[in-house]
Every structure is written in structure tokens, then in C-alpha cells.
Amino acid sequence: MATTGSVFEIILRWSLDRPQWQRDALRRIVANGTLDADDLGELALLCKKGCGSPGIDATVVPLSADHVPGAAAAGETVALTSIRDVVGVNKLAPGQELPFRVDGITVVYGDNGVGKSGYARILKRACRSRFPGRILPNAFETVAAAGSATIGCLVGGSAVPAVVWTDAVSPHPTLASISVFDRDCGLVHVRERNEVAFRPFGLDIPDELAGACQSLKTTLGAEQAALERCRDEAFAKPAFGAATVAGGFLGSLSPATDLAALDQLAVLSDDERARLRRLDTDLAREPVRASAEQTELARSLKRLADDVGKVMLATDDATLERLVTLAGEARAQRGAATLAAERAFGGTALRGVGEATWRALWDAARHYSEHVAYVDHGFPRTDGDALCVLCHQPISAEAGDLKVSFEDFVKADSERQARRAETAYEDAAGNLAGVSIRMSGFALGRRLGITHPEVAAALRRDLATARLRRWTCLKAIRDGRIMAPRQASDGIVSMLTRAAADTEAYAAELLAAVDPAGRARLAAERDELRDRDLLATLLPKARIEVERLSSMAVIKACLAETTTNAITALGNTIADEVITPKVRDRFQEEIQKLAARRVRVDIVRSGGRLGSPHYQVRLFANERAKVGEILSEGEQTCVALAAFLTELATAAHGSTLVFDDPVSSLDHLWRRKVAERLVEEGGVRQIVVFTHDLVFVNDLHVLADDGHVPISLVSLSHTSAGAGIVSTGLPWVGAKVRQRLDTLAKEARAARILYDAQEDEEYGIAVSRIYSKLRSTWERALEEVAFCGVINRHRDYIATKDLLKVTTLTAADVEAFAAGFKRCCDQTESHDPAPGRNAAPPIPEELLKAVQDLSDWVERVREQQKAVA
């Protein structure tokens with residue numbers, strides 16, 4: 001691997017041959033500085049996808065030249081001019097512009113929660129930072145917009161189009177050479193409790209990648225163990241035989257196994273299931289007896305075939321067609337007889353004479369007369385002693401003649417033919433109706449469902465067809481329409497015949513099982529059928545097992561990609577390129593500037609593990625001492641700042657350095673040292689400092705003035721419009737006297753508007769507030785102007801060089817101070833006024849004069865001091 005070029009170029013070239021998920025991990029590390037739980041989860045998915053795991057909807061975005069800082073390589077200095085048009089970043093208010101001076105130092109001051117972190121996060125994401133963090137939108141907005149801003153800058157001292165920045169995982173190419181330092185950046189140099197490791201930017205990238213490998217290895221190992229435990233007992237302790245086709249298949253499952261062949265084997269016909277049951281039963285019994293039972297079953301099947309054949313014959317097409325013919329003939333003959341009756345009895349009082357209902361009545365009357373009423377007389381009896389067998393009334397001569405004519409009609413030829421035809425039909429229909437066409441009508445029916453289920457099913461189906469044919473035929477005859485019966489089936493008889501033959505053959509096989517070879521053949525057949533039958537349960541488990549084996553294979557391949565040997569070699573290569581004697585000397589210079597001789601440390605090689613060598617910061621006096629437990633928090637911060645500045649000292653550019661609360665939790669001694677170093681650096685490049693520490697701001701301001709380093713002060717505040725409201729200078733508590741006087745003059749002119757509008761109450765409140773602030777400004781003028789800054793509150797030294805200027809203060813100056821201060825005290829709410837006075841507040845002219853009096857006093861004292869300077 002080529003070792004020329006920057007750290008990022010070395011890493012980029014090295015990554016080209018690495019697994020895709022590692023290249024994606026490197027991109028995330030370069031962009032964010034570290035990997036969180038979400039990153040590790042996504043990388044695990046990418047690793048599995050690369051090793052063949054299907055169904056993973058994740059896309060690799062490998063590290064490329066677009067993801068690494070590029071402006072630094074060009075050697076051009078980049079300086080910030082402003083941040084404006086901020087959208088979707090914390091609760092930063094719109095319409096604000098945060099300016100930066102391009103030379104010297106810009107201090108951005110603000111209390112907690114006023115927007116410093118929001119602006120700092122923009123620079124961390126847009127510029128070069130170990131830990132860019134994440135841009136969070138306004139939590140109170142229902143629809144969060146993506147973070148964006150317009151960032152003005154100079155490149156090589158020349159104006160360029162403003163950078164329209166949108167939140168992304170990588171620094172903007174134009175701003176990538178600007179470096180940001182914050183507490184997280186400092187903590188990277190304190191790896192463990194007992195050691196402080198020097199980790200130049202880039203050298204910790206292999207560490208993070210190796211850590212990701214270890215994390216994935218742990219996760220994958222846990223998954224592997226879980227998959228091992230998930231092996232189904234059906235395969236750990238198989239119930240299938242190794243000698244069967246299905247058993248051999250199940251016993252050799254692998255990730256590449258295609259189970260399609262088992263799908264067909266898993267389907268057993270009803271006959272095969274029945275044979276399996278027979279084999280299970282019969283092989284457990286004495287062969288000769290089992291064979292005899294099967295022989296008897298074969299005979300029963302033959303008898304059943306004969307009986308079913310008779311049923312099928314009773315409902316075949318010829319039989320049904322003959323029945324239809326008989327019905328037609330009966331209907332035709334009856335029609336002829338009815339016509340004859342109409343001709344013979346057309347004049348009778350009642351209709352229907354000669355028809356079926358009438359004939360039934362007449363036949364019943366004859367039977368009653370001949371067998372009950374008039375046994376010894378012919379029918380109909382019509383003599384004078386006879387009574388009508390129907391109405392039991394005497395019979396008149398006319399009625400008697402009519403009865404005789406009725407009987408003659410019945411005995412006529414047309415009626416006899418009609419009744420003969422009807423009888424023939426009724427006999428045939430009765431025979432058809434009397435045929436039992438149900439399974440229960442056969443003695444073997446129930447057993448057939450056990451021994452030959454497929455034949456039994458076919459028999460039920462054909463019997464149902466026969467019943468339907470019979471019903472259709474009879475209904476068609478009753479309805480007087482043409483019959484269209486369902487197609488008859490003639491296959492059941494042959495099926496029963498074959499079943500009988502097969503059973504006879506099986507009986508012979510059982511008899512042959514008396515011989516061991518014959519029994520072995522049947523046992524082998526039973527085992528094949530039994531294992532195929534098991535597939536109904538085992539096949540779903542086999543699919544799960546193949547998936548488990550596939551997952552195991554993927555994890556095994558993934559684990560092979562989590563080894564860190566190549567990453568350790570990369571770390572060693574980078575270390576050899578970066579940690580040179582020149583860098584160590586520069587680190588010593590930075591430590592001396594920040595901690596003088598209080599922190600005697602050096603950078604030494606301390607081995608390494610999992611991706612990168614360690615360069616430990618150790619004490620000169622005792623290399624075995626646990627430096628992390630000995631150095632204070634302030635000393636550790638100095639080590640971090642020294643390392644940060646050492647990294648940048650070797651860069652080919654002098655781009656901006658941004659410090660986000662660099663002295664958090666430091667005491668005044670360390671704060672002063674950091675201020676001195678930043679002011680020194682501000683003499684050669686642009687420095688931007690975000691802080692909430694006014695003492696640190698004062699140190700920067702004083703040291704910059706003393707060193708003639710340009711410095712600008714900007715303050716942030718929070719209003720109803722949001723956070724990040726930009727104001728020039730410091731807020732009131734940190735503002736100098738001149739800035740305060742400008743503010744008071746503006747507020748006095750604003751109060752005049754209230755006065756003119758006759759807003760008396762609001763005007764009175766404004767006046768009281770202005771006089772309260774004016775009083776504090778008189779006090780600040782005493783410290784800043786009268787004492788000429790010789791003594792400052794919270795400063796750890798006295799500026800004796802300006803002590804002579806203090807002597808210029810005259811008695812008149814003191815009296816003017818006392819008068820102005822008393823006037824303010826009278827108008828403020830610090831004391832409760834007498835309720836009887838209820839004095840009106842001063843008019844605007846008096847208010848403006850009070851502000852001007854302090855301004856004149858300041859100018860007069862300063863002129864007097866110049867005379868002795």
C-alpha cells in the first residue's frame with residue numbers, strides 16, 4: 001500500500017480493497033467522528049447483505065474523495081465572514097446574520113440557551129470536526145425543515161460566492177479546512193481512565209473502524225450462538241431413516257439445498273396412506289394370518305364389485321330409457337281411454353268421469369261391493385233392493401243404467417290397454433325406486449373407507465351420480481319433459497375389481513414375508529412411505545432449518561470480515577507517517593505555552609490494539625504513572641488543546657479555528673493560559689470563540705488589546721422570535737462604558753416617543769429603568785475610566801502600569817460623580833419613595849442631559865489622563 005499523501009488519502013486508497021460495509025463505516029467515521037448504535041445496526045445489515053443475506057433493503061455508500069476534507073490539500077486559507085439565512089437549526093430565529101471579522105478574533109458571547117450551540121453545530125457540520133454531532137430542528141415546530149444556512153467566506157483572501165449549506169454527513173468542500181474544537185474533541189485524547197492518548201485527527205479512524213469490527217463480532221457471535229441453540233430436535237435426533245430417499249435428503253440439508261424435490265415426495269395418495277397403515281399393522285403380526293385376512297378381503301371386494309355392478313346396471317342408460325318409454329306408452333294409452341270416456345259420458349253432470357281419480361273411486365266401489373256389501377251379486381247391483389255403495393241411497397232405474405254404462409266403459413278395450421301400460425310402468429319404476437344406491441347398503445362400505453380410501457371415495461361419487469340419474473329420470477317423467485341425465489360412470493366396478501386383484505397380490509406378498517428377504521422388502525417399502533408421511537411435519541421444519549443454515553453461513557462469512565489485522569496494519573502505517581519527531585517537538589511547544597512547566601509530558605509509543613497504535617501522553621518523571629488519574633481536568637484540557645494545535649501546525653494552510661466553550665469548567669489560571677494561546681494564534685489566523693464565560697471574554701479582550709490583535713465582540717440573546725438574536729458588542733453586564741452610553745442615549749430617545757404619546761405609565765417605567773442602568777454605568781465608569789482599569793473585578797492581577805493616570809482625578813470630578821450618581825439613585829426603584837410625594841418622572845430633556853453628563857464626565861477624565869500618559 002502506498003504511504004504517500006495525507007492521512008485521508010492513505011485511508012481512501014486502503015479502503016478500495018475492503019468489504020463494502022467497512023467502506024461505508026469509514027465514510028460515517030470521517031463524517032461524524034464516531035459510530036452510534038444506529039450506525040452499528042445498519043453496518044451489521046450491510047455486512048450481512050454483502051455476504052449474501054437476502055431481503056435486506058440497505059444501500060452501501062462507500063468512502064470516496066467527496067467525503068474527505070479537500071480544501072486543506074489545496075493549501076488555501078479559508079476564513080469565515082458570516083452565517084445567515086439559518087433554517088431548521090435548533091430554535092435559531094430567522095433573519096439573523098452572525099458576522100465574523102476575517103482577521104484576529106471574533107468572540108461570540110451568550111448565556112446558556114441563547115443559540116451559541118446552534119451556530120456552533122452549523123460550523124461543526126459544515127467544517128472539519130472530530131465529532132460533528134447532529135443538527136436538531138426546533139422541537140416546537142410541527143413540520144421540521146432540514147438544517148440549512150448561508151455561510152460567507154474568503155478563500156485565499158479573496159471573496160467567493162457564499163456557501164449555501166444544507167445539512168449533510170460530510171463537510172462542505174470549501175469549508176473542510178476550517179477546524180472546530182470542543183469538549184468532545186478534547187475527550188478523544190483521554191481514552192481511558194488511566195491513560196491520556198495522543199490521537200491526531202485521522203489516526204483515530206482505524207480505531208473507530210476496529211471498534212466497529214469488534215462490536216459486529218460480538219453481535220454476530222451472539223446471533224451465531226442463538227442460531228446454534230435454535231436447531232430443531234427433529235434434525236438433532238432424527239426420527240427418519242438414513243436409508244430412505246426422504247431421510248437421506250433431510251439428513252444432508254445445507255444452505256444450498258433445494259427442497260422442491262421433497263414437495264412431491266411429501267404428497268401421499270390415499271391408497272399409499274392406506275398401504276402404509278396396512279404395512280404397519282400387518283408387519284407387526286404373524287404373516288400367514290395377515291395373508292389370510294387379506295385373501296378374505298379380496299373375496300369381499302369381488303362380491304362388492306358384483307353388487308355395485310347390479311346397481312350401476314339398474315341406472316344405466318338402457319334401463320332409464322326403457323322406463324321413459326314405458327311412461328310414454330302409459331301416458332298415451334291413458335289419453336286414448338280418457339278420450340273414449342269423454343265420448344261416452346260427455347253429458348254427465350260432473351266432469352272428470354273416466355279419468356284417474358274417478359277410476360280409483362270406481363275401483364274402490366267395486367271392491368267394496370264384491371267383497372263386503374254384495375258378495376253374491378255382480379257389480380254394479382241395480383235391482384230394487386240394492387242401495388248405492390257410494391251414497392247408500394236407493395238406486396233409480398236411470399241411475400242403475402248409468403252405473404251399468406260406467407262398468408261397461410271400464411271393461412272396454414281402451415281402458416284395459418291403458419291400465420296394462422300403467423301397470424308395466426309402475427312395476428318398472430317401483431323396481432328402480434327399490435334399488436339401494438347408498439354406501440350404507442353395502443356390507444363392506446365402511447371398511448372400504450379404511451382399506452381403500454380412494455376406491456371408497458370413487459364409489460361414493462358414482463353412487464351419488466346414480467342417485468342423481470334416478471331422481472332426474474323420475475322427475476322428468478313426472479314433469480312430462482325430456483330427460484337429460486348426468487353422464488353415467490362405469491369405472492367403479494373396474495376399480496373394485498382391480499382393488500380385489502391388488503389385495504390378492506398383497507396377500508401373496510404377506511405370505512412371502514415368512515421369508516426374511518421378503519419381509520425386508522416390505523419393511524423397506526413401509527419405511528419409505530413412513531418417511532414420506534413424516535414430510536408433512538418435517539418439510540416446514542426443513543425450510544426453517546435451511547434458512548437457519550443459510551443464516552449461519554452468512555454469519556460465518558461476516559465474522560471472517562471482522563478481523564482487525566489489516567486495520568491494525570493501516571493504523572501503524574498512518575502512525576509512522578503522522579507521529580514524527582517534528583510533531584513531537586511541536587507538541588512540547590504547545591504544552592509549554594498552555595501549561596508552562598506545570599505539565600511535564602511527552603508523546604511515546606505505547607503499543608496498540610484493534611486497528612491502531614497508541615501514542616500515550618506520559619509524565620517525564622514517571623512513565624508508569626497513570627496520567628489520566630494524575631492530570632487535573634484543566635491539565636487534560638491543555639493536553640487536548642496542545643494536540644489539536646499540533647495537528648494543525650503541520651497543515652499547509654492557515655484557515656480559521658473555531659473554539660466552542662474551550663474553557664468549560666476551568667479555573668482562572670488555566671483560563672488565562674488558554675486565552676493567551678488563542679490571542680497568539682489570532683495574530684496569524686482567524687479565531688472564532690463561542691463562550692458563556694465573561695471572565696474569559698475579558699481576558700481575551702485585554703490580551704488582544706495588549707497584543708494589538710484585532711478583536712470583535714458579538715453577543716446572542718433569546719427573544720420571542722427565537723434564539724440567536726445577534727447584537728454587536730457584549731450584553732449590558734459585559735459592555736464597556738462607551739457601548740453602554742450609546743445604548744442609554746438610544747433608550748432615552750425611545751422614551752421621548754412614549755412621553756409625546758402621553759403614555760405616562762410606560763414612560764415612568766422606562767425612565768426608572770434608564771436611571772437604574774445609568775447608575776450602574778456610573779459605577780462601571782469608576783472602575784474602567786477613573787481607575788483606568790488598574791483594578792478589575794474577577795481579574796487575577798493589577799495593571800500597575802496605568803496607576804499614574806488615577807492621580808489625575810480632581811475634587812470637581814469626584815463632586816460631579818457624586819451628583820450624577822445621586823440623581824440616578826433618586827429616580828430608581830432601589831428605594832421605596834414616600835407615598836405622599838408621588839413625584840413626576842423627569843422630562844425627556846432632563847433624561848437626555850443625565851446621560852450626556854456622564855458622557856462628558858468620561859471624556860473629561862480621559863483627556864486629563866492623556867496628559868500624564
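# A tour of the mixed sheet and a helix pair

Start with Thr719 and select Gly722 in strand E14 too: the two residues stand opposite each other. Before going on, keep in mind that this is a predicted model.

**Stop 1: the hairpin**

Now widen the selection to strand E13 (residues 711-719) and E14, which are antiparallel and joined by 5 bridges. The link from E13 to E14 is a hairpin, made through 2 residues. For another pair to click on, try Val714 and its bridge partner in E14, Thr728.

**Stop 2: the whole sheet**

Zoom out and colour the strands. You should have an open sheet of 6 strands, in the order E7-E11-E12-E3-E13-E14, and the pairing is mixed. At the edges sit strand E7 (179-181) and strand E14 (722-728), each of which pairs on one side only. Turn the view along the sheet to look for the twist, which averages 20° from one strand to the next.

If you want a reminder of what holds such a thing together, strands of a sheet pair through backbone hydrogen bonds, in either a parallel or an antiparallel sense.

**Stop 3: walking in from E13**

Step from E13 to E3. These two strands pair in the parallel sense, over 5 bridges. Select Tyr109 and look across into E13: its bridge partner there is Ser715.

Next, take strand E3 (residues 105-109) together with E12. This pairing is parallel as well, and it also runs over 5 bridges. A handy place to check is Ile105, which stands opposite Ile687 in E12.

On to strand E11 (residues 657-660), which runs parallel to E12 and is joined to it by 4 bridges. Here, pick Asp660 and you'll find Phe690 of E12 opposite.

**Stop 4: inside E12**

Is strand E12 buried or exposed? Select residues 687-691 and show the surroundings: 5 of the 5 residues are buried, so the strand is largely enclosed by the rest of the structure. It helps to recall that side chains in a regular strand alternate between the two faces of the sheet. In E12, Ile687, Val689 and Thr691 lie on one side, Val688 and Phe690 lie on the other, and all of them are buried, which leaves both faces covered.

Keep E12 on screen and add helix H5 (residues 116-126). H5 lies across E3, E7, E11, E12, E13 and E14, and runs at about 140° to E12.

**Stop 5: helix H2**

Leave the sheet and select helix H2 (residues 20-32). Put a distance between its end C-alpha atoms and you get 18 Å; at 1.5 Å a residue, the 13 residues should span 18 Å, so the two agree. H2 is mostly covered, with 12 of its 13 residues buried. Among the buried ones are Trp21, Arg23, Leu26, Ile29 and Val30. Just after the helix, click on Gly33, which takes a positive phi of about 90°.

**Stop 6: H2 against H3**

For the last stop, add helix H3 (residues 37-50). Two packed helices are described by the angle between their axes and the distance between the axes. For H2 and H3, the angle is about 160° and the axes are 9 Å apart. An angle over 145 degrees counts as roughly antiparallel, so that is how H2 runs relative to H3. The crossing of H2 past H3 is right-handed.

Which residues meet here? Show side chains for Trp21, Asp24, Ala25 and Arg28 in H2, then for Asp39, Glu42, Leu43, Leu46 and Cys47 in H3, and you have the two sets that come together.

Notes:
Residues numbered from 1 in each chain as written. Predicted model: local features only at pLDDT ≥ 70, side-chain atom pairs only at ≥ 80, totals over all residues. Heavy atoms only, no water. Buried < 20%, exposed > 50% of the residue type's maximum accessible area, 1.4 Å probe, protein only. Pairing = 2+ DSSP bridges. Expected span 1.5 Å × (residues − 1). Axes fitted to C-alpha atoms, helices over the stretch in contact; angles between N-to-C directions. Parallel < 35°, antiparallel > 145°, perpendicular 65-115°, else oblique. Left-handed = near helix turned anticlockwise from the far one by under 90°. Contact = heavy atoms within 4.5 Å.
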